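Thank you all for coming. Please have a look at the sequence and the structure on the screen, and then I will talk through one helix and a few cysteines.

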Amino acid sequence: GMLSLLRPLTTTCRAIHASAALRFPVVPFKLSDIGEGIAEVQVKEWHVKVGDRVAQFDQLCEVQSDKATVTISSRYDGVIKKLHYSVDDVARVGKALLDIEVEGEVEGVEEVKEEKKESPAPAAAAAAASEGAAASEAAAADGKVLATPAVRRVAIENNVDLSKVAATGKGGRVLKEDVLRHIGQISGAASPSSTNVRSSPAVGGAPAAAAARVFAPLSADVVVPIRGYTRAMVKSMSEALKIPHFGYNDEFIVNGLVDVRKELKGLAKERGVKLSYMPFFIKAASLGLLEFPSLNATVDKELENVTQRAAHNMCLAMDTPGGLVVPCIKHCEQRTIFEIAAELDRLTEAARRQQLSREDLSGGTFTLSNIGAIGGTYASPVIFAPQVAIGAIGKMQLLPRYNKEGELKPTHIVNVSWAADHRVVDGASMARFSNRMRAYLEHPATMLAMLK
């Protein structure tokens with residue numbers, strides 16, 4: 001224990017003697033290509049400051065590409081001389097993130113600089129993780145609390161001192177739910193294994209203790225930089241503007257679905273699955289797409305080919321603290337309703353924590369948006385290019401409707417709004433697909449007939 005306390009002191013002394021004897025080269029640490037044609041990222045958090053000594057594989061910072069968060073690790077041993085960006089700034093691939101005074105041969109530096117690999121080897125990753133934990137403890141002791149800008153914003157809005165919040169995140173990081181728990185909006189013990197934090201796909205709902213919050217007018221204009229998920233939305237919506245949208249709305253009668261979910265809820269609970277209505281809608285859409293593969297498709301930029309996709313990778317528009325995000329459940333054509341429900345739960349939780357991986361966000365072929373989770377009946381959904389169709393599902397309502405015999409009955413109704421790329425999809429296909437999906441949901445027994 002004593003040895004570990006002494007080690008930082010000896011390294012610092014050595015650095016002072018060494019720098020007195022000879023000056024080490026200062027090298028710009030460039031942001032490597034993180035793949036997928038990403039040209040710029042937002043700096044979410046620095047793990048180092050000027051004057052810090054870093055070793056190879058130590059974590060330098062967190063950056064966020066269009067949607068996924070990536071940790072950047074050091075390729076060199078040395079001392080941080082300059083940070084080129086503040087938190088929330090946009091950094092470009094190929095440009096210097098920071099300057100490091102590198103200890104060792106300059107030739108070695110030049111060699112490493114060409115290396116594209118950002119993440120360390122498994123053994124080194126383990127070392128980096130422990131280094132990261134040590135660094136964050138030091139930061140906490142230093143008075144600096146580890147938390148993302150989004151969490152800091154929540155803390156500021158609620159006048160919370162982050163240093164007084166019990167942190168449950170990795171390496172002593174304060175998470176959003178820690179802050180909410182601190183102000184009593186979430187119940188439950190502040191332990192990392194706490195699973196009683198309720199999360200719904202719609203984070204826009206009023207918190208439990210809404211009465212405690214004061215909504216005062218802004219004291220001055222607030223300039224909000226467009227970053228993170230919103231930045232991605234700017235790009236995708238600008239693309240969507242080029243698409244002629246064909247809209248189609250219908251009303252689904254879902255009494256049968258309500259009964260089936262009641263029947264299955266006990267079994268779902270036994271298996272630890274949270275069974276909402278959404279997995280049924282996803283599966284019914286997937287079954288409908290078997291018959292209408294032209295809607296489970298992507299179109300190329302030149303508008304020369306539409307590729308009908310074999311996999312039904314269902315994207316789900318989700319509301320998160322950082323804005324709208326669209327992760328997808330892969331291969332719904334091969335998954336059971338319970339498997340879809342489990343994956344939906346995982347993605348909802350990851351989206352809420354803003355920890356979706358690049359894998360979760362890529363490869364989508366068709367999109368559904370559960371607008372009803374927040375409210376509203378009809379919507380005009382916007383196509384998520386290069387896909388060719390999207391549906392918005394309204395809230396379930398109990399309304400009076402006449403049945404076939406002309407009797408007025410209380411009826412469970414869900415309104416569904418579709419949009420299709422009218423350059424490559426005709427309205428009749430969209431309507432027929434909607435009818436097929438509606439038939440599966442109105443008579444869930446027909447879904448049994450499609451079991452493989």
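**Helix α7 and the cysteines**

Let me begin with helix α7, which runs over residues 255–270: at 1.5 Å a residue, its 16 residues should span 22 Å, and the C-alpha atoms at its two ends lie 24 Å apart, which agrees. I should say at once that this is a predicted model, and please keep that in mind throughout. Within α7 there is also a kink of about 40 degrees, and the residue at its centre is Leu-264.

Which residues of α7 are buried? They are Leu-257, Val-258, Arg-261 and Ala-268, and the buried residues of this helix pack against α8 (278–291), α9 (337–352) and α11 (427–442), as well as against β16 (389–402) and β17 (408–421). For those new to helices, an α-helix has 3.6 residues a turn, so residues three or four places apart point the same way. Just after α7 comes Gly-272, which takes a positive phi of about 70 degrees.

Now to the cysteines, where we might ask how many disulfides there are. With the rule that the two sulfur atoms must be within 2.5 Å, the count comes to zero. Take Cys-315, whose closest cysteine sulfur belongs to Cys-328 and is 4.4 Å away, so the two are too far apart for a bond. Cys-332 is in no disulfide either, since the nearest cysteine sulfur, again that of Cys-328, is 8.4 Å away.

Are Cys-315 and Cys-332 buried or exposed? Cys-315 is buried, with a relative accessible area of 2%, and Cys-332, at 0% relative accessibility, counts as buried too.

Methods: Residues numbered from 1 in each chain as written. Predicted model: local features only at pLDDT ≥ 70, side-chain atom pairs only at ≥ 80, totals over all residues. Heavy atoms only, no water. Helix = DSSP H or I, 4+ residues; strand = E, 2+ residues; numbered from the N terminus. Expected span 1.5 Å × (residues − 1). Bend = angle between axes of the 7 residues up to and from the residue. Buried < 20%, exposed > 50% of the residue type's maximum accessible area, 1.4 Å probe, protein only. Contact = heavy atoms within 4.5 Å.
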